[in-house]
Amino acid sequence: MNKLILIVLMLLSIRAYAQDGDSTEMRKGNFSMLVEAELAPNTDYKTRGVSLNVVHNFSDHFSVGFGAKPYGLFFRKHDVVNKWFTIDDQGEIVQHSSTERKQVEDNEFCMPLYITIKCVLCKRTNASPFFEFRVGKDVAYDTNDLYRAFIVGSRFGFNKNYRHAVNVAMGLQLNPVDDLGSATFLFKVGYEF
């Protein structure tokens, strides 16, 4: 699934690069859409999904918008050791054990809805570093805490058309799941148009 998403994003970016020509259209005052494939591994689970963002670019450096991130929460398999005791014919206690590899938790579906704030540091370059902050609430998975993400990355524009870009980023995602660790590293790649 991840490979298919990356291939589609690459094809869209090649198409956008071919159509942009010599346009120098900037983003100020316009709306942008971002589609990003995201992966967040953890020792207990991993998440895979897509984020969809619509943002208003107040300037070429600053944008605010909202988004949704439907993703699957896949729990890892662990060794589960079962131990039991029996009494043999001589009255001795004998310990037995067996180990099986199984998934302790069921896979879940999550979908935070969030507000995103993004600051792009460079205006007229093809490679622009940025940082992004997200805060929202998961509407599919029952949690009392907020969804938060702190992200840094780079935006790679196309042939002087700075409205179209590939975003590559990593960061820290906080979306508490039961009693497990709530912080996961987040890796994402996406297309902005």
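In the predicted model, strands β1 (residues 31-41) and β2 (residues 45-57) are paired in the antiparallel sense through 11 bridges. The two strands form a hairpin, with 3 residues between β1 and β2. Within this pairing, Ser32 has Val55 of β2 as its bridge partner. Strand β1 is also joined to strand β12 (residues 183-192), to which it runs antiparallel, by 6 bridges; here Glu36 is matched with Gly190 of β12.

Ala40 has contacts beyond its neighbours within four places in sequence, and these comprise Tyr45, Lys46, Thr47, Gln173, Thr184, Phe185 and Leu186. Both Ala40 and Leu186 belong to the largest nonpolar core, which consists of 9 residues and also includes Tyr114, Val120, Phe130, Tyr147, Ala149, Ile151 and Ala169. At least two residues of this core come from each of β8 (112-120) and β10 (147-158), and β10 makes the greatest contribution, with 3 residues. A second core, separate from the former, contains 6 residues, among them Tyr45, Tyr71, Leu73 and Tyr141. In soluble globular proteins, nonpolar side chains tend to be buried together.

Ser128 is located in strand β9 (residues 127-138). With a relative accessible area of 1%, Ser128 is classed as buried, because this value falls under the 20% cut-off. When residues up to four places away in sequence are not counted, Ser128 touches Val120, Cys122, Gly153, Ser154 and Arg155. Of these contacts, Val120 is a member of the largest nonpolar core.

Terms used: Residues numbered from 1 in each chain as written. Predicted model: local features only at pLDDT ≥ 70, side-chain atom pairs only at ≥ 80, totals over all residues. Heavy atoms only, no water. Helix = DSSP H or I, 4+ residues; strand = E, 2+ residues; numbered from the N terminus. Buried < 20%, exposed > 50% of the residue type's maximum accessible area, 1.4 Å probe, protein only. Contact = heavy atoms within 4.5 Å. Core = buried A, V, L, I, M, F, W, Y, C linked by side-chain atoms within 4.5 Å. Pairing = 2+ DSSP bridges.
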